[in-house]
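Reader: Hi! I have a new model open on my screen and would like a friendly walk through it. Could you take me around?

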Amino acid sequence: MKRILFTIPFILFGSFTHAQDIDLNEVEKKIKPKMFAPSPEAKVISLHDAISQGLRLNSQERIRGYRKGLIELNWKDTFEGFWFPQLSLTINTSDHHVQSVYNNQNETLLSKTPSGFVGLEFEDYTVFNWGRDYLDYLNEKASYLRENQILTEQKRDLRFRIIDKYFNLSLLKQIRLIKKTQLRHTSFIYKLSKEKLSLGKINRQELLQGKEEFLRAHQEFQDINAQVATTEEELAELLGDDLSTTYTLTNQLKYSPLNIQKDETVSLAQQKSPQLRQANVELENANRSFEKNLKDNLPLPKFTVRLGAYRHSFSNQGSQDSFTTYGDDNDVEIAASINMKWKIFGSGGFLNSREREREYFNKRIAEIEFTEAKRDVKVAISTFHKQISHLEKKVEASEARLKNSRLLFDSALDRYISGKTTFPNVALALDSLINTEEAFERAKYEHLAQKLNLANLAGVDDFPGEKFDNLVVR
């Protein structure tokens, strides 16, 4: 290794007489150590800051804030419409004369004095309806609660996507560093090959092989640069930043094995899984709709009470105050009525049988979909656990292989400098090192991505004893 350290400065900065069709010095300027330093224009951001900013400034999350307001308003209308009598302030006037535009008579047909009334009026209030209105109310309530859950789930999904994209960008930046190292190594080997060619120690074919490796490394470096730029745009969109923003990430991913068993995950999912929650709400609503349809097809009386209306009437005859309930009466009474219609022939079927069958089919479909949702969630959880377990083994294997690959490359490069091995052996060792480093970093990221997918499926923000926000190298 001492020989390597001694030879590198000589090779990197020496002058060579064999001009090639690519300027190595120009390429090296772009990969100097100063290029590893953060750009002064880049936005420095930690994982915690990214999550906090995304939950505040993401456009879809801001829309969800207003959507929640709409959901609350609609629920207030449903709640008050079912439980409380409806009291309204009304103003009503008849047409009256304001100004003649054209009149071929001596007198106007409209009165010049307005007439009408101002009143406080109660609408008919249902006292008892055999639970039919209540079934509709329960469906509305279940849908309201589910809509709020969906907003919470979408916020959690946004948090997970920010975490995923943050570490995806961290992965690509780490791979870019690996590709820069590869480019440096191939540049050094290429220059060393040119020096050896000038000394007659190798033939031109080996020189061209060195050049090919260098050009391939240069292309891969440019490719990863394009991937970094694209991922930065995607992260900027999630965080609500300008799409041209570049980032300097202050956190790197800390590998942490999954600490929850499959049975525990299934137990959590049965309570909180978005897929199961949605299927359960649809099943309960379908059952209530079927029950209501059966009651709607029976001649059950509806009991209502009219609390009346207070009116202040005015006209050219004067004004008066009145309180009435039914007609000219002012007694407050409970009234019963039946309003039924059975179809004998035509749409709807005999005695509305098709409506009943339609609700029954919807109920059966919801039952099957709920059963399938439970099965799908269990299968997906089992699959995620297997994939995560495989990735954990892959991380361990890659880490062990990485140590060996570094030793192999150092040894091969030392022997190549001293002329004890050929270029293909060095190229093979370098490829092994670069591929192993990249595989190790990708395995750690894919492990996190699958854990996020599993948590999203189970409907939890974090697994017991572990917070995704803290999976950073301190």
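Author: Happy to. Before we look at the nonpolar patch, here is what the word covers: a patch is made of residues with over 30% relative accessible area and no salt bridge, and nonpolar side chains are joined within 5 Å. Keep in mind, too, that this is a predicted model.

Reader: Okay, so which residues form the nonpolar patch on the surface?

Author: The members are L87, L89, I91, V118, L120, F122, Y310, F323 and V332. Together they have about 850 Å² of accessible area.

Reader: And which strands each supply at least two residues of the patch?

Author: Those are β2 (87-93) and β3 (116-122).

Reader: Take L89 for me. Where does L89 lie, and is L89 buried or exposed?

Author: L89 lies in strand β2. Its relative accessible area is 64%, and the cut-off for exposed is over 50%, so L89 counts as exposed.

Reader: Let's go inside. Which residues touch the most other members in the largest nonpolar core?

Author: That core has 57 residues, and I163, F167, Y247, L448, F463 and F468 touch the most other members. At least two core residues come from each of α3 (47-57), α5 (132-198), α6 (204-239), β5 (247-249), α7 (262-272), α8 (274-296), α9 (353-417) and α10 (423-458). The largest share is from α5, with 12 residues.

Reader: What is I163 in contact with, leaving aside neighbours within four places in sequence?

Author: I163 is in contact with L47, I51, L448, L452, F468 and D469. There is also another core apart from the largest one, with 20 residues, and I178, A412, A429 and I434 are among them.

Reader: Is there a general tendency for nonpolar side chains in soluble globular proteins?

Author: They tend to be buried together in such proteins.

Reader: F463 and F468 were on your list. How are their rings arranged?

Author: The ring centres of F463 and F468 are 5.9 Å apart and the planes are at 65 degrees, so this pair is edge-to-face. Both residues are buried: F463 has 3% relative accessibility, and F468 has 0%.

Reader: Nice. How many aromatic pairs does a search of the whole structure find?

Author: The search finds 19 aromatic pairs. One of them is F79 with F84, where the ring centres are 6.1 Å apart and the planes are at 65 degrees, so that pair is edge-to-face as well. Here the residues are partly exposed, F79 at 32% relative accessibility and F84 at 43%.

Reader: Which residues form an aromatic cluster with F79 and F84?

Author: The cluster also includes W75, F82, W83, Y134, Y137 and Y144.

Reader: Switching to charges. How many salt bridges does the count come to?

Author: The count comes to 31 salt bridges. One of them joins the side chains of E72 and K68, at 3.6 Å from N to O.

Reader: How are E72 and K68 placed in the helix?

Author: They are 4 residues apart in helix α4, so about one helical turn separates them. E72 is partly exposed at 23% relative accessibility, and K68 is partly exposed at 38%.

Reader: What about D157 and R161?

Author: Their side chains meet in a salt bridge too, at 3.2 Å from N to O. D157 and R161 sit 4 residues apart in helix α5, which means about one helical turn between them.

Reader: And which parts does the pair R406 and E437 tie together?

Author: The closest N and O atoms of R406 and E437 are 3.8 Å apart. R406 lies in helix α9 and E437 in helix α10, so this salt bridge ties together parts that are 31 residues apart in sequence. R406 is partly exposed at 41% relative accessible area, whereas E437 is buried at 15%. There is also a network of salt bridges that share partners, joining K179, E213, R216, E220, D431, E438 and R442.

Reader: Last one: is R64 buried or exposed?

Author: R64 is found in helix α4 (residues 59-83). Its relative accessible area is 9%, and buried means under 20%, so R64 counts as buried. Leaving aside neighbours within four places in sequence, R64 is in contact with N58, L151, Q154, K155 and L158.

Terms used:
Residues are numbered from 1 along each chain as its sequence is written. This is a predicted model: local features need pLDDT of at least 70, side-chain atom pairs count only at pLDDT 80 or more; totals for chains, interfaces and linings use all residues. Side-chain values use heavy atoms; hydrogens and water are left out. A nonpolar core is a set of buried Ala, Val, Leu, Ile, Met, Phe, Trp, Tyr and Cys residues joined through side-chain atoms within 4.5 Å. Buried means under 20% relative accessible area, exposed over 50%, partly exposed in between (1.4 Å probe, protein chains only). Contact means heavy atoms within 4.5 Å. Patches are made of residues with over 30% relative accessible area and no salt bridge: like charges are joined within 9 Å, nonpolar side chains (Val, Leu, Ile, Met, Phe, Trp, Tyr) within 5 Å. Accessible areas come from the Shrake-Rupley method with a 1.4 Å probe; for residues, only the protein chains shown count as cover. A salt bridge is a side-chain nitrogen of Lys or Arg within 4 Å of a carboxyl oxygen of Asp or Glu. Rings of Phe, Tyr and Trp (its six-membered ring) pair if their centres lie within 6.5 Å; planes under 30 degrees apart count as stacked, over 60 as edge-to-face and the rest as tilted.
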